[in-house]
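Visitor: Please take a close look at one part of this structure, a single side chain and its surroundings. I should like it set in the context of the whole chain.

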Amino acid sequence: MSKLSLYFLGPPRIERNGQPVETDTRKAIALLAYLALTHQRPFRDHLATLLWPEYDDSHAKAALRRTLSTLKKAVGDGIISSNRDTIWLEPNTIGCDALQFQQLLSPAPPHPCTPAQLETAVSLYHSDFLTGFTLRDSLPFDDWQQQQAEHLRRQLSHALEQLAHHYGQQQQYDRALSHAHRQAALHNNLAPTSTTPPGSTKPPCTTSNKPPPSTPTSASSAPTGSQKFRSSQSGRHPGSLSEKKMDARMTRIGVDLRGSNKKIRINPPKSASSAHLFSLPQQPSTLLIS
């Protein structure tokens with residue numbers, strides 16, 4: 001039996017055998033997403049309250065039965081099972097990018113994540129969890145969705161930081177800077193789109209959430225290397241990092257963009273706690289780029 005493919009890191013998409021699976025309502029997508037990311041068998045009462053909070057008990061359960069019936073028909077037999085009390089997804093019947101992302105970043109202890117695992121994980125993260133999806137009449141589900149999105153963003157940020165350290169150690173400065181830029185954009189509330197390493201033939205994944213254009217600078221004040229980086233990360237709004245905090249964050253992850261000669265300087269961490277899985281060379285290295 002073929003697996004059902006669930007793509008939730010970005011706008012939700014469901015496929016089977018490479019063909020899109022259409023659902024009749026947004027509640028069906030919400031139900032499938034909740035079942036996929038919940039590591040237990042949720043009770044029908046809980047699901048009815050989660051998805052239809054404004055209904056009374058009998059009407060909410062009736063709506064859940066109708067949605068479950070149509071969803072089972074859409075995804076095919078053997079995927080979703082239920083009894084009088086609970087609903088669940090059968091093991092080994094789905095492939096979900098959000099689940100794979102979490103599994104890659106949660107290896108069995110005491111083994112840390114390898115660079116290959118980190119690269120695979122961050123490549124899966126095209127955009128935030130269920131981008132553009134919402135249930136206007138269900139605040140409980142929206143709260144759960146936001147919690148999941150924030151948790152996945154924190155995991156992405158940590159993975160990008162580890163990769164920046166690793167490639168700084170390997171003196172692969174283009175890759176270190178690429179991951180550092182992506183983490184900085186993530187912390188400035190911009191769309192954390194996935195990137196493709198230099199030399200790869202696979203095009204980078206993109207998102208429609210583009211930052212506003214940067215404010216033009218006058219010719220009389222030439223920007224420094226750090227200012228150029230900040231200009232590329234324009235479009236901040238309340239809650240984003242200040243320039244001082246940005247410098248501190250970039251220094252901590254081992255990439256310093258200061259200097260007007262477009263130098264990329266890879267600094268060793270000031271403390272062992274900031275090195276995470278990888279440590280940088282004891283002496284800083286400088287790379288000139290055009």
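**Glutamine 148 and its setting**

Guide: Of the 290 residues of the protein, 43% count as buried, a term that means under 20% relative accessible area with a 1.4 Å probe, protein chains only, whereas exposed means over 50% and partly exposed lies in between. The model is predicted, so local features need pLDDT of at least 70 and side-chain atom pairs count only at pLDDT 80 or more, while totals for chains, interfaces and linings use all residues. Residues are numbered from 1 along each chain as its sequence is written, and side-chain values use heavy atoms, with hydrogens and water left out.

The protein has nine helices and nine strands, taken as DSSP runs numbered from the N terminus (helices: H or I, at least four residues; strands: E, at least two). Glutamine 148 belongs to helix 6, which spans residues 139-169. With a relative accessible area of 17%, glutamine 148 is buried. Beyond its neighbours within four places in sequence, glutamine 148 is in contact (heavy atoms within 4.5 Å) with Leu37 and Phe129.

Leu37 leads to the wider interior. The largest nonpolar core has 59 residues, and Leu37 is among those that touch the most other members, together with Leu4, Leu6, Phe8, Ile80, Phe101 and Phe141. Such a core is a set of buried Ala, Val, Leu, Ile, Met, Phe, Trp, Tyr and Cys residues joined through side-chain atoms within 4.5 Å. Helix 1 (residues 26-37) gives the most to this core, with 10 residues. Phenylalanine 101, leaving aside neighbours within four places in sequence, is in contact with Leu9, Ala121, Leu124, Tyr125, Leu152, Gln155 and Leu156. Across the protein, residues 24 or more positions apart account for 61% of the contacts with a separation of 6 or more.
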